[in-house]
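Ready for a short tour of a protein model? Have a look at the sequence and the fold first, then we'll go through some parts one by one.

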Amino acid sequence: MGCEHGSERTGPVHDSVLDAVGATPLVRLRRIVPDGGAPVWVKTEWSNPGGSVKDRAALAMVEGAEASGALRPGGTVVEGTSGNTGIGLAMVAAARGYRSVFVVPERTTPEKIALLRAYGAEVVTTPGLVPRHVQQLAARIADETPGGWLADQYGNPANPGVHERTTGPEIWAQTGGRITHLVAGAGTGGTLTGAGRFLAPHGVQIVAADPWTSRYGGGDGSPYYVEAVGHYLHPLTGTDTWPAVYDTSVADRTERIGDGESLRTVRRLAREEGLLVGGSAGTAVAAALRVSERAGPDGLVVAVLPDSGRIYLSKYFDDAWLTTLGFLDSPAAPLVRDVIAGYRPGLLVAPATSTVDELRSALSGRVAPAVLPVVQPRVTDATTWSAPDVLGSIAVGALAGLAGSDRVGAHAGPPPATVGHGEAAVAAATRLDDAGAGPGDPVLILVDGRAVAQIRRADL
């Protein structure tokens, strides 16, 4: 796998950019694999011309629609996507001469949206914490657009089918049949399902890498910061519908990876292996390193790395973004956690859908702060809360003047300010002061993007 130093290499010549989809290299990790562990090879799916593993599914879905007549010349490709599938479809649409329209969540990185528009696509943004809304809006646009075709990556069998035909066989051939474990994340589940269906009959163990709070792995469904993997669940969703293309029986087990471990692995890959990859790749590699340690030197682990870090520079490689969310420590001491006088473990919260009477009853006999965070109602045993789930705040002293049957959320004020536990204390205090915080105002302490405790501005 490679060539001798000084030897010449030539690449293939293609009639179309679409002919370059697939046949991506495997690269061996050299510096971050645990001592005594199995070798870990990574499938560099950002090598696809559109920059991600989703190029495979995008091309396969369009070709299938052309063959069936669902997509005709002059038609419009429509999809709901967090970015990568849209980028792949936009590339294919441009190369094939179709118009394209994509509905994307608001939290999609600016880089991904810019890429979609660079391919000539129309982009419609919508609140990102209601995934079904994204898909439903895309379906409506497709129905209302003459010649519109909805790609439907979540239900289109061409999605897993292309990985069973190409990704799985490529990995098997590239490792000479020596692979013992495949590790991949599941967004739609197409890559894991398709590649796993090919490799599992050859005795390969299939491991799903999943964000800690994702519903796929048994999490509470609360928001996480790694894009394009896992399954978020909005608390008001009536039925938790999983993608039809995801065959959960393919995976032998799931490795649940916290956001902090994923994002710190992403940064290690860049700085120690020279691999600039996205957050879901960090999730897959973090899981693969665990698998490597257990498998021992006789194993061979392959992890699928879906996309490049170039489209996440404003997030995962931005020190300020990471530090204010509690993922990274500032080099300027003392840090927030060094100067606060300690705090009560766990976070007392007010669910937005609780009645005022229910909240009064819950607080009876308890020592509560003057102001409580108002959060999305969620069935969970967690004592911390994902920052996006904090919707507002309510003063405990104001409860006495409210109607007992009123919902707490109807009286919520702005969410409390937040600081990362690894921020420089002086910088954090200055930021709060610049925002107009008073000494008694509530401040949430974030660790790996989750609110773990509440202090007052004066505590800093």
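A helix here is a DSSP run of H or I that covers at least four residues, and helices are numbered from the N terminus. Keep in mind that this is a predicted model.

Let's begin with α2. This helix runs over residues 84–96, and at 1.5 Å a residue its 13 residues should span 18 Å. The C-alpha atoms at its ends are 18 Å apart, so the expected span and the model agree. Right after α2 comes glycine 97, which has a positive phi, near 90°.

Is α2 mostly covered or mostly open? It's mostly covered, with 10 of its 13 residues buried. Buried means that a residue has under 20% relative accessible area. Among the buried ones are Asn84, Ile87, Leu89, Met91 and Val92. What covers them includes the helices α1 (54–68) and α3 (110–118), along with the strands β3 (76–80) and β4 (99–105).

Next stop: some strands and their partners. Strands of a sheet pair through backbone hydrogen bonds, either parallel or antiparallel. Here are three of the pairs:

| Pair | Sense | Bridges |
|---|---|---|
| β7 (181–185) and β8 | parallel | five |
| β8 and β9 (253–257) | parallel | five |
| β11 and β12 (371–375) | parallel | two |

Why call β8 largely enclosed by the rest of the structure? Because six of the seven residues in this strand (205–211) are buried. To get from β7 to β8, the chain passes through helix α6 (residues 190–199), and this β-α-β crossover is right-handed. You can also spot facing residues: valine 183 stands opposite valine 207 in β8, and proline 211 stands opposite isoleucine 257 in β9.

Further along, three strands make an open sheet in the order β11-β12-β14, with mixed pairing. Its edge strands are β11 (350–351) and β14 (390–395), each pairing on one side only. For a concrete example, alanine 350 has valine 374 in β12 as its bridge partner.

Last, let's look at some empty space. Rolling a probe the size of a water molecule over the atoms shows where empty space is left. The second largest pocket has a volume of about 460 Å³. It is lined by 21 residues, and the closest to its centre are Arg344, Val367, Ala368, Pro369 and Gln454. Which strand gives the largest share of that lining? That's β17 (residues 450–456), with four residues.

Methods. Residues numbered from 1 in each chain as written. Predicted model: local features only at pLDDT ≥ 70, side-chain atom pairs only at ≥ 80, totals over all residues. Heavy atoms only, no water. Pairing = 2+ DSSP bridges. Expected span 1.5 Å × (residues − 1). Buried < 20%, exposed > 50% of the residue type's maximum accessible area, 1.4 Å probe, protein only. Contact = heavy atoms within 4.5 Å. Right-handed = clockwise from strand over helix to strand, strands pointing away. 1 Å grid on protein atoms, 1.4 Å probe; cavity = no way out; pocket = protein on both sides within 12 Å on 5 of 7 lines; lining within 4 Å. Points joined across faces, edges and corners; volume = space filled by probe spheres on them.
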